[in-house]
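Q: Could you take a close look at one part of this structure for me? I'd like the packing around one helix in detail, then its surroundings.

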Amino acid sequence: MISTAVSVPMPIVPRRRRTPSEVAAASPVDGPRRVLLAAPRGYCAGVDRAVIAVEKALEHYGPPVYVRKQIVHNVHVVSTLEAKGAIFVDENEEVPEGALVVFSAHGVSPAVVASAADRGLRTIDATCPLVTKVHREAVRFAKDDFDILLIGHEGHEEVEGTAGEAPEHIQIVNGPHDVDKVQVRDPEKVIWLSQTTLSVDETMETVRLLKERFPTLQDPPSDDICYATTNRQVAIKNISPRADLVIVVGSANSSNSVRLVEVALEYGALASYRVDFANEVDERWFEGVATVGVTSGASVPEILVQDVLRLLADYGYADVEEIVTAEEDLLFSLPKELRATLKAAGDTSHALGGRGTRPSN
Ligand code: SF4
């Protein structure tokens with residue numbers, strides 16, 4: 001309903017919020033109401049491992065456990081860990097000397113590791129192994145004196161961490177619009193790397209434009225955009241052409257969640273919105289909508305998706321079909337600092353790490 005502007009002040013009479021069934025009755029659609037649920041969705045192996053690392057640290061060392069930056073980019077995960085005794089900080093300087101600090105899944109630069117050592121902090125490095133892989137590539141190509149074009153979002157923690165491995169060799173390319181600004185020392189000795197959670201299509205467009213400028217630009221030894229990001233984008237590409245509306249569960253600072261909204265729109269969804277929680281879903285989104293696509297970013301616990309599905313059922317979208325485009329079962333070991341403690345304590349409950357997922361690409 002659209003409110004009417006009036007020129008004289010009127011008493012505000014609260015409008016009763018319509019029930020989901022009233023909304024459904026007032027909004028006829030062509031065909032049955034249904035949900036197409038993307039799979040894979042939600043937690044990836046790196047996120048699962050990082051969250052378990054904080055939980056295990058709290059269990060074995062007791063609170064407080066400090067965490068530098070959000071362990072993963074999800075509001076619900078962070079507040080749940082805070083309630084258990086985790087304290088999230090932006091920098092090592094906020095951690096009392098000698099205390100325990102966990103580095104987030106997004107990774108840290110060598111300067112951050114050094115500052116923790118200077119303060120005598122005990123550390124657990126929960127950097128995702130697939131981010132560490134990109135760090136190693138950066139170190140290796142810097143050692144060989146390449147100019148490294150790091151495609152990624154300036155200011156994102158992962159990009160800061162990777163760029164910090166070889167700041168004198170790395171320049172950040174924010175996307176296709178940044179290509180013209182790139183300057184290199186020797187066009188014959190240039191390689192591109194990338195953030196792990198970008199849009200696959202946009203990154204390939206950036207690379208295409210970079211190769212127009214630098215025809216001998218080298219590709220990374222293996223894909224830097226990780227399997228989880230790729231799989232979630234493939235899944236939503238499959239659903240979007242059939243969806244009037246796509247709801248992505250994920251936080252605003254979650255790069256891969258935000259990319260899923262963009263990909264849904266690019267691939268044919270008539271509308272797409274990101275929500276942290278089911279109560280952010282707006283009834284106006286359902287007007288004329290027969291098919292709703294649902295997915296979630298790689299840092300989102302499944303419970304939040306189930307909340308959205310319950311809400312959708314209330315609005316008449318009770319018919320849920322899961323569309324599976326890849327199977328995932330990769331496992332990552334817990335951080336080595338924690339493995340030793342768990343072993344000494346006889347805790348084998350997470351010997352390998354999280355639920356895990358297997359790359360399908
Ligand atoms: S999204 Fe990819 S890189 Fe990031 S934590 Fe998950 S698996 Fe690792």
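Here is a walk through helix 7, followed by some other parts.

A: A quick note first: this is a predicted model, where local features need pLDDT of at least 70, side-chain atom pairs count only at pLDDT 80 or more, and totals for chains, interfaces and linings use all residues. Residues are numbered from 1 along each chain as its sequence is written.

Helices (H or I, at least four residues) and strands (E, at least two) are DSSP runs, numbered from the N terminus. Helix 7 covers residues 200-213, so to speak 14 residues, and reaches 20 Å from its first C-alpha to its last, close to the 20 Å expected at 1.5 Å a residue (the expected span is 1.5 Å times one less than the number of residues). Thr203, Thr206, Val207 and Leu210 are its buried residues; buried means 20 or more other C-beta atoms within 10 Å of a residue's own, exposed means 12 or fewer, and partly exposed is in between, with C-beta atoms placed from the backbone. These four cover an arc of only 100° around the axis, which puts them on the same side of helix 7. That arc is taken from the directions from the helix axis to the C-beta atoms. Over on the other side of helix 7, Arg208 and Glu212 are exposed.

What do the buried residues of helix 7 pack against? They meet strand 6 (147-151), strand 7 (170-173) and strand 8 (190-194), with contact meaning C-beta atoms, placed from the backbone, within 7 Å.

Helix 3 (residues 75-84) can be read in a similar way. Val77, Val78 and Leu81 are buried there. Seen down the axis of helix 3, its buried residues fall within an arc of 95°, so they line one face of the helix. The face turned away from that buried side carries exposed Ser79, Glu82 and Ala83. Helix 2 (45-61) and strand 3 (86-89) are among what covers the buried residues of helix 3. Right after helix 3 comes Gly85, with a positive phi near 120°.

Now for the strands. In strand 4 (residues 100-103), Leu100 and Val102 point one way, Val101 and Phe103 the other, and all are buried. Strand 4 pairs in the parallel sense with strand 2 (residues 65-68) over three bridges, where pairing takes at least two DSSP bridges between two strands. Val67 has Val102 of strand 4 as its bridge partner. Strand 4 also runs parallel to strand 5 (residues 122-125), joined by four bridges, and Leu100 is partnered there by Arg122.

Methods:
Two residues are in contact if their C-beta atoms, placed from the backbone, lie within 7 Å.
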